[in-house]
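Reader: I would like to go through this structure with you, one topic at a time. Could you bring it up, please?

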Amino acid sequence: MKICRQEHPNPQFERKKWQNLNGEWDFGFKKGIRGFRFSKDGKTALEIREKNDFPLKINVPFCVESELSGIGFTDFVNAVWYCKKVEIHRGEYMVFLNIGAADYLTTVLVNGRLAGRHKGGYTPISLDITELAEEGENEIFILCEDDVKNRFVCRGKQSERRKSHGCDYTRTTGIWQTVYLEYVPQNYIKSIKIYPDINDCSVTLHADFQGTAEFYCEAFYDGKSVGNVETALARGNSFFKISLSEKHLWEAGNGRLYELRLRFGSDEVKSYFGLRNLRLDGYKFLINEKSVFQRLVLDQGFYKSGIYTAPDEADMINDIKLSLDLGFNGARLHQKVFEPRFLYNCDRLGYIVWGEYPNWGLDYSSPESVAVFLEEWGEAVARDFNHPSIVGWCPFNETWDYRSKRQYDPLLSTVYDFTKAVDSTRPCIDTSGNFHVKTDIYDVHDYNYEVKEFKENFDKLVTENQLYEHVLKDNPGRQKYGGQAVFVSEYGGIKWETDKTVKSWGYGDDIKTPDEFAERYRGLTQALISNKKMFGFCYTQLYDIEQEQNGLYDYERKKKFSDDIYEKIKAVNSQTAEIEK
């Protein structure tokens with residue numbers, strides 16, 4: 001079995017002593033049954049392990065539903081379990097077991113003893129297994145339980161029906177990101193938060209240490225040392241400022257990254273940062289005090305053979321380059337927390353993105369959702385805080401009524417306040433599209449494909465300071481525009497069917513020729529670029545996913561149109577926007 005995804009999964013926090021555990025694991029799974037309930041402790045995992053019920057082999061980190069897992073079972077699965085014999089030689093080091101992400105409730109046993117549990121399908125799991133690990137061969141057992149029909153489970157775009165439908169797709173159950181070990185000294189760096197400052201050309205580090213030791217950090221640009229800081233005694237939470245001898249700004253299209261090398265006692269960590277700032281100025285979105293029109297495309301992070309998991313890092317890079325080649329400068333990373341390795345390549349290539357969470361499936365009409373969501377969302381913001389490519393947070397998307405019950409407005413306002421408290425450096429959209437409660441940016445979704453009407457509606461923002469809100473036609477009084485910066489974060493979705501073996505889904509069935517497609521794309525996009533109070537757009541979407549065939553490429557990222565059509569798309573995307581003049 002080929003071992004895939006062997007690169008270090010997190011370039012933002014990379015130690016030399018690590019051990020990739022991807023590849024073949026013993027495996028078993030349980031099909032969906034009625035009345036499924038999550039286990040409340042580690043006993044269920046212990047019972048499964050003792051039964052030695054591992055009839056299959058699976059290729060980690062690919063989910064059981066994927067082709068690359070070696071299994072490809074796409075019906076409902078409520079529980080999956082993994083077992084692997086692992087050689088550990090730690091010497092004087094502590095050992096941490098890390099799982100990039102596993103959906104949804106994960107229980108880990110090491111040599112038959114409980115190592116820990118984690119709830120949430122999109123954020124990393126890190127467990128200190130030092131006291132459980134033995135020198136030589138060790139057994140690691142992982143149980144993942146999932147139920148996309150549970151109203152307190154965020155499923156994102158995973159179908160809650162047996163099969164894919166509309167804009168919901170094949171599910172992901174269990175491990176879907178790299179599993180690895182880290183060997184860590186007794187005194188170590190737990191985490192860092194990075195605050196760049198373009199005004200005095202510096203970077204401030206907020207470090208959290210375990211133990212006490214000497215600390216040294218040096219910054220490099222293109223291999224050249226450009227600043228350092230050191231202290232003979234560091235402990236707990238500490239702040240350090242490095243003045244930089246050279247200023248290289250991170251910009252859209254120019255991902256100029258500084259390298260950081262940190263040493264705390266004998267613990268060494270590599271990281272990086274981009275020197276840039278963000279702020280809203282009226283209707284303008286400023287990056288380094290320059291108005292930047294966000295030419296975004298919707299990217300949902302699905303892969304035909306890997307589902308949630310890219311087969312290879314090259315596939316992630318290809319998605320970014322496909323977008324850049326069409327004149328986009330970024331993406332909404334939609335209804336999913338993308339892998340750190342994907343974000344690293346966004347950072348490296350100067351590709352601006354919005355950090356989101358897959359809230360669909362959550363009962364956002366219930367006050368109980370506040371605690372559930374804050375825990376999971378907080379982990380996502382903490383993980384991704386340091387990525388310069390992330391220019392804003394968007395915890396929710398389209399909070400329509402949940403089973404005929406209205407959204408619980410304090411959920412959105414509480415999550416907004418929490419996000420701003422954790423990160424005051426980026427704007428936050430409470431819920432993309434609707435229904436806004438408390439937000440820095442008033443974004444809307446509009447799939448009206450009548451170009452003349454589409455333009456006239458958004459022109460009212462300039463002529464009358466009014467924002468046309470199509471969702472309010474049937475939902476009056478649910479939200480009110482308050483003069484914020486404006487962003488059309490979903491539009492288009494123009495259907496162009498290439499796979500006629502499935503019942504396809506998209507917007508604008510009346511398009512008959514590629515030229516008609518290009519003309520509609522031009523008209524809709526031009527209406528937004530020419531609006532002097534509009535700071536960005538996000539076109540739906542970059543590529544087809546299963547039956548949703550409204551992508552600019554097909555699901556395998558192959559061209560759907562001639563080069564001439566793509567040139568027309570690029571031409572309109574690349575225009576200087578009114579708000580940039």
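Author: The questions below concern a sheet, a helix and the cysteines of this predicted model.

Reader: What is the strand order in the open sheet, and which pairing does it have?

Author: The order is β24-β23-β22-β21-β29-β28-β27, which makes 7 strands with parallel pairing. At the edges stand β24 and β27 (441-446), each of which pairs on one side only. From one strand to the next, the twist averages 25 degrees.

Reader: How many bridges join β28 and β29?

Author: Strand β28 (residues 485-492) and strand β29 (residues 534-540) are joined in the parallel sense by 4 bridges. Gly492 lies opposite Thr540 of β29.

Reader: Turning to helix α5, what span should its 14 residues have?

Author: At 1.5 Å a residue, helix α5 (residues 409-422) should span 20 Å, and its end C-alpha atoms are indeed 20 Å apart, so the two values agree.

Reader: Which residues of α5 are buried, and what covers them?

Author: Leu411, Leu412, Ser413, Val415, Tyr416 and Thr419 are the buried residues of α5. Their cover includes α4 (369-384) and the strands β24 (390-394), β25 (396-397) and β26 (431-432).

Reader: A different topic: how many disulfides does the structure hold?

Author: The structure has 0 disulfides.

Reader: Why is Cys154 not bonded to Cys394?

Author: The closest cysteine sulfur to that of Cys154 belongs to Cys394, but it is 13 Å away and therefore too far for a bond. Cys154 is also buried, with a relative accessible area of 1%.

Reader: And what is the closest cysteine sulfur to that of Cys167?

Author: That sulfur is in Cys538, at 14 Å from the sulfur of Cys167, which is likewise too far for a bond.

Conventions. Residues are numbered from 1 along each chain as its sequence is written. This is a predicted model: local features need pLDDT of at least 70, side-chain atom pairs count only at pLDDT 80 or more; totals for chains, interfaces and linings use all residues. Side-chain values use heavy atoms; hydrogens and water are left out. Helices (H or I, at least four residues) and strands (E, at least two) are DSSP runs, numbered from the N terminus. The expected span of a helix is 1.5 Å times one less than its number of residues. Buried means under 20% relative accessible area, exposed over 50%, partly exposed in between (1.4 Å probe, protein chains only). Contact means heavy atoms within 4.5 Å. Two strands pair if DSSP finds at least two bridges between them. Axes are lines fitted to C-alpha atoms, for helices over the stretch in contact, and angles run from 0 to 180 degrees between N-to-C directions. A disulfide is a pair of cysteine sulfur atoms within 2.5 Å.
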